[in-house]
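Biologist: Before we discuss this model, please place the sequence and the structure in front of us. I should like to begin with the ligand and its surroundings.

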Amino acid sequence: MTTPEATPRGEAALLGPAEVRTLAAEFDIRPTKQLGQNFVHDGNTVRKIVAVSGVTRDDVVLEVGPGLGSLTLALLDVVERVVAVEIDPKLATRLPTTVAERAPELSGRLDVVLEDAMRVLPSQVPAEPTALVANLPYNVAVPVLLHLFAAFPSLRTALVMVQAEVADRLAASPGGKIYGVPSVKANFFGEVRRAGSVGRHVFWPEPKIESGLVRIDRYPTPPWPIDEEHRRRVFAVVDAAFAQRRKTLRAALATWAGSPAEAERRLVAAGIEPSARGEVLDAADFVRLAAVDPIG
Ligand code: SAM
């Protein structure tokens, strides 16, 4: 984990409400719900996101969905490099010009990649990112987050803004109603915690929902293998356990294991009570369960 820098360079002129509207009008950008396009027009909010992320001059930041550049400009003030992955060609094309206009001395630190963040791979980006910092498109926030942690082992930490309810789910502990698939899967990669709240008034257009910040710090020494095959095996049993979350694990995992009896055998072998429900298991429990050899 890194600590925030005492004084950011503070060279970029951040985007306020007037600048966001002008940029959008100039390039005929009409925000769409489908792409979760709610642009931040408040300098304090983007500075707060950067500060809470803890990134420093040594970091290469992967930013998903830079949009008009609000957060990008604040990041460029502080970090070594920003690799911005944007799916909207109009926004991706415009971003380097915005940065050149508002922070000319920092524009060499930016790379823009026109790609879907749910598919982007290390081979498509020019530098190994150390941190993910993003105001994520809300409708795909969890799959994007999980894909990036799986595909970019160099990511050490993430600070993302998501729908408040999703932030709560990601950071939930076992036992509660909101604990579920996103909580376990995020916890497979690292420590997850809520890192603040953001109101609706800092966005254009204003969303109907509140937003929350979530921080994920990858385990410095992974407590279990994180290769793709192992991750898939663990995620399959997580999905099965929560697909019928009101059932006992013995029943919920019957299809996954082949039969209720085989589900029970594997649960017992992993030291888990077969009459328990999935919501009481933590990531370590799921890892143990996925590791039990099938019978025969
Ligand atoms: N970062 C900007 C800000 O804070 O003002 C914009 C954030 S807006 C909530 C989400 C951004 O993600 C938009 O620019 C949108 O075009 C982009 N986006 C949506 N889906 C995406 C995807 N699958 N891959 C990459 N970018 C995506």
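Modeller: This is a predicted model. In it, a backbone N or O atom of Pro 66 lies 3.4 Å from a nitrogen atom of the ligand.

Biologist: Which residue has a polar backbone atom 2.8 Å from a nitrogen atom of the ligand?

Modeller: Gly 67 has a polar backbone atom at 3.4 Å, but its partner is an oxygen atom of the ligand. The contact of 2.8 Å involves a ligand nitrogen and a polar backbone atom of another residue, Ala 117.

Biologist: How much of the ligand's accessible area does the protein cover?

Modeller: On its own, the ligand has 600 Å² of accessible area. The space that the ligand takes is the largest pocket. Of the ligand's accessible area, the protein covers 98%.

Biologist: Which elements give two or more residues to the shell around the ligand?

Modeller: The ligand is surrounded by 22 residues, and the closest are Val 40, Gly 65, Glu 86, Asp 116 and Ala 117. The elements that give two or more residues to this shell are β1 (39-40) and β3 (81-86).

Biologist: How many residues of the shell are charged?

Modeller: The shell divides by residue class, with 10 nonpolar and seven polar residues. The charged residues of the shell number five.

Biologist: Is Thr 157 buried or exposed?

Modeller: Thr 157 is found in strand β6, which spans residues 157-163. Its relative accessibility is 2%, and the limit for burial is under 20%, so Thr 157 counts as buried.

Biologist: Which residue's side chain makes a polar contact with the side chain of Thr 157?

Modeller: The side chain of Thr 157 reaches the backbone oxygen of Ile 216 at 3.3 Å, but that partner is a backbone atom. The contact between side chains has a distance of 2.8 Å, and the partner of Thr 157 there is Asp 217.

Biologist: Where is the proline of the cis peptide bond with Trp 204?

Modeller: The cis bond joins Trp 204 and Pro 205, with omega at about -10°. Pro 205 lies in the loop between β8 (203-204) and β9 (211-218).

Biologist: Asp 28 has a positive phi; what is its relative accessible area?

Modeller: Phi of Asp 28 is near 50°, and this residue is not a glycine. Asp 28 lies in the loop between α1 (17-26) and β1. Asp 28 is classed as partly exposed because its relative accessible area falls between the limits of 20% and 50%. The value is 39%.

How values were computed:
Residues numbered from 1 in each chain as written. Predicted model: local features only at pLDDT ≥ 70, side-chain atom pairs only at ≥ 80, totals over all residues. Heavy atoms only, no water. Near = heavy atom within 4 Å. Polar contact = N/O pair within 3.5 Å; in protein donor to acceptor, adjacent residues only side chain to side chain. Areas by Shrake-Rupley, 256 points an atom, 1.4 Å probe, with all protein chains shown as cover. 1 Å grid on protein atoms, 1.4 Å probe; cavity = no way out; pocket = protein on both sides within 12 Å on 5 of 7 lines; lining within 4 Å. Sits in = over half its atoms within 2 Å of the grid points. Helix = DSSP H or I, 4+ residues; strand = E, 2+ residues; numbered from the N terminus. Nonpolar A, V, L, I, M, F, W, Y, C, P; charged D, E, K, R; others polar. Buried < 20%, exposed > 50% of the residue type's maximum accessible area, 1.4 Å probe, protein only.
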